[in-house]
Amino acid sequence: MSADVIAFNQNTDKFRDLVEEIRAVRTPEDAFEVSAYLESTGWDDDKASTTFGTKDLFELSEQLLKSMGVRHVSVSPFVEADRESGVLGKWKKALRNFLRGIIFAFPMAISVAAMLTVRLSLWSYDELSVEVATSIAIGTILSFMAVGGFTQIIARRGYAYIDQGYFRVAKRTTLYFLYLGVIFCALICLLFIGINLYFSQLPFNMLVVSVLYYFFLCVIWMSVTVMYLLRKEFAFTALLTFGILLVYALFYYARLSIIVSQVISLSIVSAVTWIVLAFFFRLGESKSEKGMDVFMQRKSVMLYTLKPYFIYGFLYFTFLFTDRIMAWSSNGVYMPYIFWFRGQYELGLDFAILILILPMGVCEVLVSDLMEKIDRAMKCGWLEQTKLTKSKSVPYYAKSLALIFLSSVFSTAGITAAIYMIQRSKPFGLSLDMFFNQTTMFVYLFGSISYCFLCVSLTNIVIQFSLSKPDRVVKNLWLSLLANFIVGFVCSRWFSYYWSVIGLLAGTVLLSVLTTMDMLKIMNKVDYYIYAAA
Amino acid sequence: MPYASIPNHLNAMAHYLSSFIFLFIIFPRLIFRYREGRAFDNLVRNFIKAVLLYIVCGYLLVVTKLYEFIALVLFMVTLKILLMKKGGGNTVGLFHKINCFMLDFADGGITLKTLVKRFLSAFKSWLHNILSSLRDPANLLLLLVCLCSLYIRIYGALIHPAPSMSDSSVVLAWMKYIENRMIFHDGIYPQGFHIYLATLRKFSAINPLYVLNYSGPVSGLLTTLGIYYFTSRITESKASGIVAATVFGLLWPLISDNYVRQAATNSQEFAFAFIMPTFYYYIKYLSEGKRDDLFTAFAGITVIGLVHSIALAFCGAGAVIIVLIFFVTDLKRCWKRLLNVVFSGLLCIFLSFLPLGLGLLFGKGLHASSSEYLLSKIYDNFYPPIRIVDIAAFAALGVAFLFLIGASIRKKLKKSYIFVFLYGAASFLFIYYGPALTKSQVITNRFGDMWNLFIPVLAGVSFHILFLLIRKTGVRSCVQLGLSGILFALSVYYTKLTPIVPYKVQSDTAVEQYLRIDGSFRPTEWHLVSGFVGGYALSYGTAYHIESSDFVANYDPANAEIRDLSSNVLLPNIFIFYEKNVFIDEADSMTDLVRGQYEARLRDSADLGEWIEKYKEAHGGLDVYYEDADLVVYYIKQGDTKNLFKNQ
């Protein structure tokens with residue numbers, strides 16, 4: 001659009017009215033704030049273009065800002081934010097965040113330790129027949145996929161309310177989501193049974209095992225989410241330990257079969273978890289300030305706004321298990337069912353996932369730091385000119401990303417070294433012979449690389465969620481899931497079943513690239529996004 | 001559950017039908033645009049396009065070794081998403097609807113009670129629509145014709161588990177090869193029909209034998225509907241369509257010498273189902289110029305090309321006649337359309353022969369017996385005898401001819417009627433003089449159906465022409481419908497709805513026992529030792545098959561264990577099918593080939609009998625799984641199946 005046209009259009013009454021309208025509300029800090037205001041009042045690129053002949057809304061905002069004659073006060077958000085806390089305080093905070101980041105791995109670590117020492121866990125056992133392992137694998141994967149969306153929306157909305165001190169409404173909302181979750185899981189279960197009846201794939205005993213594990217694991221995942229929400233992360237670790245001990249007692253002392261032992265333990269752990277949750281809620285309620293609550297948002301509105309997070313949760317867990325599904329559905333010489341658990345593959349991924357622990361801790365530290373800086377920057381006053389902000393934010397982001405990636409690589413090296421050392425020294429008679437075969441090592445190698453990229457992606461995703469930008473994440477995850485699915489499917493069918501891990505690699509690489517590209521876009525206009533998120 | 005029991009067929013048919021409905025009605029409805037007009041038109045269009053889609057997709061997936069259920073689902077979902085983005089299909093708002101439903105549910109706008117109410121009301125309205133459409137006597141009559149046509153074709157498949165005719169074993173094996181991502185296993189032959197069957201099998205999740213047994217009669221039903229569709233649309237009279245459908249559906253045994261093929265499952269009969277609708281859509285496109293009609297016709301003829309070459313010749317000849325008619329009578333108006341038709345025809349030929357090229361590229365040869373048959377010659381001049389039914393068809397042709405003269409005088413010549421006359425006359429001339437002129441075995445034996453298939457159309461069209469003398473449309477329709485009803489009643493009375501039951505190459509008992517074992521053991525858990533024809537095709541994919549002669553040659557009955565020859569794995573469950581009286585169907589023609597095979601089977605059976613006796617002596621007996629006067633099934637259980645899976 002030529003300058004003449006803009007100059008001509010600026011003279012219109014409409015333009016002057018708009019300037020006055022913005023001035024009446026608040027003197028904007030920069031053009032992005034003007035854009036955000038205009039968007040909130042129904043303006044978009046088309047309307048800007050047709051009304052004033054500008055290229056887009058941003059150009060109009062700049063013209064408006066010029067007309068208002070606003071002068072900027074240059075304050076670097078990051079510099080300003082850094083001034084706030086001392087070095088010791090920063091380290092303390094970082095350590096706290098790091099621990100919170102890796103805390104999710106405690107239950108996993110306990111399960112792995114139990115498997116290595118007593119050869120059983122709450123839902124696994126070293127000597128399971130392939131049929132039972134297949135049934136449990138189906139139940140487990142299905143439970144993650146069914147509950148994934150609910151864990152995200154419970155956390156998203158619950159944290160938002162709790163952070164603002166609205167505990168009662170957080171409780172009501174959480175219970176409502178749990179109610180929906182139970183209905184949803186039941187429907188998925190019925191669908192699963194229906195599909196199995198139609199396709200006659202699993203025999204009755206395998207179906208029963210799948211459904212039982214699915215049911216209890218769904219209950220457990222949902223309650224774990226709520227415990228994390230209430231910041232009672234250790235409670236679940238304790239319950240898990242109790243569950244494993246119970247399985248151990250029932251299996252080794254009461255001489256019950258492993259399935260019966262695990263089902264009894266799972267049901268007891270599930271029931272206790274819910275009782276504990278009820279207790280925590282009551283405790284939280286009694287502590288919360290009276291009269292602080294707001295009404296629960298209209299359910300349809302709430303669900304509508306949370307929809308991208310729900311889809312993300314579902315897609316994320318589907319993404320994580322797609323390679324397994326591809327591998328285990330790949331035809332073998334002896335393939336009695338459409339889906340057939342392969343232990344060597346699972347083992348490779350089990351070891352590979354351990355590398356997530358360290359980078360996730362680092363991720364928590366970096367994201368918290370970034371968000372804190374952003375938060376402070378918003379409160380510090382006038383935002384700097386875009387160029388200057390960009391010059392600070394992009395390198396900061398790049399540094400964070402490099403740190404995450406390096407910590408992932410470091411973690412992979414550490415885990416690999418630990419595996420080799422354990423195998424060589426065999427402490428307490430511990431042997432990792434099962435790891436040293438072509439399939440497991442292949443899966444471990446590519447699984448580890450994939451999880452390194454996943455760490456990068458997750459960091460990007462967490463930042464985008466913090467800025468309330470879930471839509472791009474969901475789109476990127478769709479594409480990555482498709483890549484994971486297609487590459488995994490093709491590789492597992494053309495080469496060998498365990499090549500499906502290449503699908504995971506393709507998916508995670510694509511996801512990290514796409515989310516990083518989005519992050520760079522965001523970082524280039526970070527003040528706009530901060531304002532929009534606020 | 002016995003094969004011929006009602007619960008068994010209810011279960012298998014429910015699977016088969018749901019698969020068929022999903023693949024050929026629901027999914028096409030989701031991806032193809034809904035055109036204005038009658039629902040039946042949309043059904044036909046969608047069916048033709050969907051079959052082409054699955055065949056092309058099947059070829060691509062099999063060649064790339066990716067053909068399986070997951071790949072098919074992925075293909076369908078991707079296609080749906082792509083079409084949704086382009087704004088095609090009919091469920092652009094599907095996700096929006098789901099969203100709305102969820103949000104309404106969240107706000108309490110939808111409860112379980114309202115949901116049940118909604119469902120019941122939708123069901124009621126659907127039922128009401130169905131019943132009200134059946135209030136139209138023509139629809140009811142068509143339904144009866146279809147049911148009777150299906151009954152006489154499917155009866156044998158419901159009673160006899162053994163597949164019909166000798167080709168069925170080949171079809172069964174090829175369907176299973178496709179499922180196992182093997183193309184042209186026994187040489188190059190159009191695989192379209194086998195891909196269609198394999199896709200149906202994937203989604204129906206039943207033993208392939210049921211898909212095989214049901215699909216032949218269903219092809220017959222589809223052909224009946226195709227003939228009805230063509231005739232009723234060009235005459236714009238349901239009654240004449242019903243006449244044509246009745247002649248084909250019920251009186252076919254009087255028309256064709258190869259009528260038993262209607263109850264067997266062969267690719268040629270499946271391809272026949274597409275011929276008439278393809279003709280109709282070519283005529284419609286050239287008359288009206290709608291691109292979708294051209295695409296439907298192209299899809300139809302390409303399906304035929306990918307399924308059966310002889311049927312392609314029938315259809316190609318018709319397409320050429322249609323082009324010529326429009327070229328001569330209406331070139332000025334529709335030269336562009338004619339070019340499009342010619343171009344689509346060339347594309348069809350290219351696509352139809354593409355598999356041949358692919359096969360040659362893979363180093364495969366032509367399917368030996370088919371190519372041999374294709375090139376075989378007759379040595380005497382052969383002129384087929386003129387039957388009563390041919391004379392009746394000549395009369396119909398005469399009526400059409402007179403009508404055309406009358407119409408040309410009144411300058412109300414309809415091109416579809418010209419086509420009917422020309423194709424009818426040309427096909428008769430071809431099948432009458434063709435054998436003598438070409439000396440080709442194929443033309444002598446198979447091209448008769450080109451003419452036979454058109455006889456019902458001639459009957460329907462001439463029936464309509466005769467009643468055009470009645471000017472009042474209402475009266476004419478009533479009379480036509482009444483007479484078509486009478487024809488149907490007479491046909492039922494005359495034929496007594498005698499089922500068409502083709503000959504078998506396997507005994508029903510052997511197949512029944514195979515199904516019984518298959519129901520009790522997972523695939524890969526058992527081995528079948530047999531010497532009967534088609535044992536390999538039957539068990540392929542569900543069990544491991546050992547030919548009885550190989551079994552006798554390779555395994556010493558004195559040995560304590562029977563192990564796999566290559567992997568040395570202990571075979572856990574072995575079922576030996578020993579025919580005390582080697583089966584042969586009297587209706588099966590005792591050609592030299594069949595006789596030779598039968599004698600070899602007698603020898604193999606005797607050898608197997610000896611082996612069994614020695615085994616009994618060495619091991620103190622052998623478990624009998626089943627026994628009757630003709631067949632004994634012995635069972636050797638050697639170990640736990642779980643051993644097989646340990647190192648997976």
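**Exercise 1. Place B:F577 in the fold**

Find which strand holds B:F577, and decide whether this residue is buried or exposed.

*Solution.* Begin with the secondary structure of this predicted model: B:F577 belongs to strand β3 of chain B. Next, look at its surroundings. A residue counts as buried when 20 or more other C-beta atoms lie within 10 Å of its own. B:F577 has 26 C-beta neighbours inside 10 Å, so B:F577 is buried. Now list the contacts, leaving out residues up to four places away in sequence: B:F577 touches B:A510, B:L528, B:V529, B:S530, B:F532, B:L631 and B:V633. Finally, try a distance: the C-alpha atom of B:F577 is separated by 13 Å from that of B:G534, and the two residues are 43 residues apart along the chain.

**Exercise 2. Build the sheet around that strand**

Work out in what order the strands of the open sheet in chain B are arranged, and which helices pack on the sheet.

*Solution.* Step one is the order: five strands of chain B run β2-β1-β3-β5-β4, with mixed pairing. Step two is the edges, where β2 (544-547) and β4 (623-627) of chain B each pair on one side only. Neighbouring strands are turned by 25 degrees against each other on average, direction ignored.

Step three zooms in on one pair. Strand β1 (residues 526-530) and strand β3 (residues 573-579) of chain B pair in the parallel sense over four bridges. Within β3(B), B:I576 is the bridge partner of B:V529.

Step four adds the helices. Helix α21 (residues 508-520) of chain B packs on the sheet and touches β1, β3, β4 and β5 (631-637) of chain B. The direction of α21 makes about 25 degrees with that of β5(B). Helix α24 (residues 592-619) of chain B also packs on the sheet, touching β3 and β5 of chain B, and its direction makes about 130 degrees with that of β3(B).

**Exercise 3. Describe two helix pairs in chain A**

Give the angle and the axis distance for α3 with α5, then for α15 with α18, in chain A.

*Solution.* Two packed helices are described by the angle between their axes and the distance between the axes. Take α3 (residues 31-40) and α5 (residues 57-68) of chain A: they pack at about 115 degrees with axes 8 Å apart. Their crossing is right-handed. Residues in this contact include A:V34 and A:L38 of α3(A), and A:F58 and A:L65 of α5(A). By class, the contact has seven nonpolar, two polar and two charged residues.

Now take α15 (residues 343-353) and α18 (residues 438-466) of chain A, whose axes come within 8 Å and cross at roughly 35 degrees. This crossing, too, is right-handed. Among the contact residues are A:L347 and A:F351 of α15(A), and A:F442 and A:Y451 of α18(A). Here the classes are 11 nonpolar, six polar and no charged residues.

**Exercise 4. Step back to domains and chains**

Find how far apart the C-alpha centres of domains 1 and 3 lie in chain A and in chain B, then describe the contact between the chains.

*Solution.* Chain A is divided into domain 1 (3-68), domain 2 (78-102 + 345-534) and domain 3 (105-296). The centres of its domains 1 and 3 are 52 Å apart. Chain B has domain 1 (94-129), domain 2 (142-495) and domain 3 (508-645), with 55 Å between the centres of domains 1 and 3.

Between the chains, the contact takes 22 residues from chain A and 18 residues from chain B. On the chain A side, α10 (167-199), α14 (299-328) and α19 (470-494) each supply at least two residues. The largest share, five residues, comes from α19(A). The chain A side divides into 13 nonpolar, five polar and four charged residues.

Notes:
Residues are numbered from 1 along each chain as its sequence is written. Chains are lettered from A and ligands numbered from 1 in the order in which they are written. This is a predicted model: local features need pLDDT of at least 70, side-chain atom pairs count only at pLDDT 80 or more; totals for chains, interfaces and linings use all residues. Two residues are in contact if their C-beta atoms, placed from the backbone, lie within 7 Å. Ala, Val, Leu, Ile, Met, Phe, Trp, Tyr, Cys and Pro count as nonpolar, Asp, Glu, Lys and Arg as charged, and the others, Gly among them, as polar. Domain bounds come from an automatic or database domain assignment. Two strands pair if DSSP finds at least two bridges between them. Axes are lines fitted to C-alpha atoms, for helices over the stretch in contact, and angles run from 0 to 180 degrees between N-to-C directions. A crossing is left-handed if the near helix is turned anticlockwise from the far one by less than a right angle, and right-handed if clockwise. A residue is buried if 20 or more other C-beta atoms lie within 10 Å of its own, exposed if 12 or fewer, and partly exposed in between; C-beta atoms are placed from the backbone.
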